[in-house]
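Me: I would like to go through the terms used for this model one by one, and to see how each is justified.

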Amino acid sequence: MKLDFQSTVFTPETINLADTSELIVRGGRHLFPLLPKAFAGIKQIGVIGWGSQGPAQAQNLRDSLEGSDIIVKVGLRTGSSSAAAARAAGFTEETGTLGEMFEVIASSDLVILLISDAAMADDYPRIFKAVKAGATLGFSHGFILGHLNSIGATFPENVNVIAVCPKGMGPSVRRLYEQGKTVNGAGINTSFAVQQDVDGRAVDIALGWAVALGAPFTFVTTMESEYRSDIYGERGILLGAVHGIVEGLFRRYTSEGSSERDAFIRSAESITGPISKKISREGLLAVYEGLSDENKTIFERAYSAAYTPAKDIHYECYEEVESGNEIRSVILAGRRHSKFPFGRIDGTRMWKVGAEVRANRVESETPIDPFTAGVYLGVMMAQIDTLLEKGHHYSEVANESIIEAVDSLNPYMHFKGVSFMVDNCSTTARLGSRKWAPRFDYNLDQQAYPAIDNNAPVNYPLMDAFKSHPIHRAMEVCCELRPSVDIALA
């Protein structure tokens with residue numbers, strides 16, 4: 001699948017990923033002077049919501065547009081508990097940069113909707129009624145399209161509909177943007193989509209939004225493809241699966257006689273430390289090729305055993321998203337959230353041990369555990385293959401399965417544990433991670449590890465498929481498109 005686009009403001013370039021070519025836009029602060037042209041006719045950008053993405057996007061847009069006549073105004077519900085945080089970030093009623101949600105929607109030329117997906121599903125009729133004709137509706141997630149499709153509803157016909165979707169949580173979007181003030185190109189990659197273009201300006205507005213967020217590279221997709229890969233991906237290796245993997249491996253290693261400290265280092269620390277760093281800079285295959293012959297055999301046994309049980313869950317999860325079942329699940333969970341708020345996910349012994357390990361960590365002393373690496377890459381590759389088999393293009397697969405994991409999300413677990421990673425994400429992601437992490441844990445514990453303990457042979461055709469997989473050629477290019485600096489959390 002090749003997605004073409006044309007811009008009158010920004011210059012696309014072609015990249016070759018495996019056996020396909022795709023168009024991207026390379027960002028950078030040197031493009032900020034072009035933003036008024038990209039946003040021609042836009043006097044006010046309304047950023048609606050102050051959850052995971054809201055604070056980052058509102059501040060990045062404001063900072064990038066400094067010196068222009070474009071106002072960035074935050075819209076919140078009356079009495080919102082987030083109003084104080086928005087004011088502390090410099091958005092105030094007195095300066096005309098903070099207002100009531102529906103008033104801001106009605107008065108804005110570009111409305112960026114960053115409220116929770118469940119709230120958007122409930123409020124979309126009123127939101128669509130409030131937005132003015134000729135304005136642009138912007139989303140950072142295609143969830144609302146999935147919901148509208150499931151109930152037979154549509155967007156208003158007289159507005160542009162676009163999406164700009166950062167490949168990382170809101171705090172990462174802001175953190176790397178701030179680092180980019182001194183290192184041009186620091187930022188979180190994004191994808192963009194145009195669902196509806198009523199005036200021929202939608203592409204330029206979307207790309208301007210992406211550049212203003214600080215995205216070093218922006219890839220093209222569709223809203224439908226985005227919501228399927230994104231909702232599925234965060235339930236998979238980005239959040240849910242990696243949580244399930246480390247919980248199960250910690251139990252396994254301690255049951256085999258490892259100390260709790262060593263079990264945590266071999267599981268969580270190995271993934272979020274050296275494995276993630278190796279993948280980020282050199283690609284997936286480099287993890288395997290860097291092992292000794294003995295450790296390659298351990299990797300192969302773990303990979304062979306983990307791949308199929310993980311792919312079973314991956315397929316189920318993708319098809320739950322594709323069918324609309326997972327979207328309905330999120331909406332229902334949002335409605336009962338006041339009665340059953342989020343519970344803790346870092347209260348077990350494992351994460352208490354993790355806090356002690358982090359306090360005394362010496363990064364250079366954390367090895368790549370070959371068994372952990374085999375399980376992690378087996379689950380990751382099962383996700384990659386699921387997305388490719390479902391028709392997603394390589395940049396989306398690489399971003400939603402690899403780059404976002406190792407460059408944006410895993411660093412948060414490395415810094416302060418699993419809750420710091422998961423609970424800095426959107427409500428939809430937090431719900432999905434909690435729901436699907438136990439499923440990955442269960443299938444690995446019940447199928448993969450018993451197979452290994454019963455001396456199941458290495459699946460050599462599966463290993464050959466891994467070694468020759470086209471994703472490696474795609475990642476050679478993607479590694480060149482990674483942020484120019486590592487995210488700094490300390």
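The exchange below sets values against definitions.

Reply: This is a predicted model, in which local features need pLDDT of at least 70 and side-chain atom pairs count only at pLDDT 80 or more, while totals for chains, interfaces and linings use all residues. Residues are numbered from 1 along each chain as its sequence is written, and side-chain values use heavy atoms, with hydrogens and water left out.

Me: What makes the chain as compact as a globular protein of its length?

Reply: The secondary structure comes to 21 helices and ten strands, where helices (H or I, at least four residues) and strands (E, at least two) are DSSP runs numbered from the N terminus. The radius of gyration is 22 Å, close to the 23 Å that the globule rule gives for 490 residues, so the chain is as compact as a globular protein of that length; the radius is taken over C-alpha atoms, and the rule is 2.2 Å times the number of residues to the power 0.38.

Me: How do you know that the span of helix α8 agrees with its number of residues?

Reply: The expected span is 1.5 Å times one less than the number of residues, which for the twelve residues of α8 (residues 202-213) should give 16 Å, and the end C-alpha atoms are 17 Å apart, which agrees. Just after α8, Gly 214 takes a positive phi of about 95 degrees.

Me: Why is α8 called mostly covered?

Reply: Buried means under 20% relative accessible area, exposed over 50%, and partly exposed in between (1.4 Å probe, protein chains only); by that definition twelve of the twelve residues of α8 are buried, among them Asp 204 and Trp 209. In the chain, 62% of the 490 residues count as buried.

Me: Why is Glu 247 said to have no salt bridge?

Reply: A salt bridge is a side-chain nitrogen of Lys or Arg within 4 Å of a carboxyl oxygen of Asp or Glu. Glu 247, which lies in helix α10 (residues 240-255), is buried, and the nearest side chain of opposite charge, Arg 251, is 4.9 Å away, leaving Glu 247 without a salt bridge. Leaving aside neighbours within four places in sequence, Glu 247 is in contact (heavy atoms within 4.5 Å) with Ile 345, Thr 348, Met 350, Trp 351 and Asp 441.

Me: Why is Asn 455 called exposed?

Reply: The relative accessible area of Asn 455 is 62%, so Asn 455 is classed as exposed. Asn 455 lies in the loop between α19 (427-453) and α20 (460-467), and has a positive phi of about 60 degrees although it is not a glycine.

Terms used. Lys and Arg count as positive and Asp and Glu as negative; His and the chain ends are not counted.
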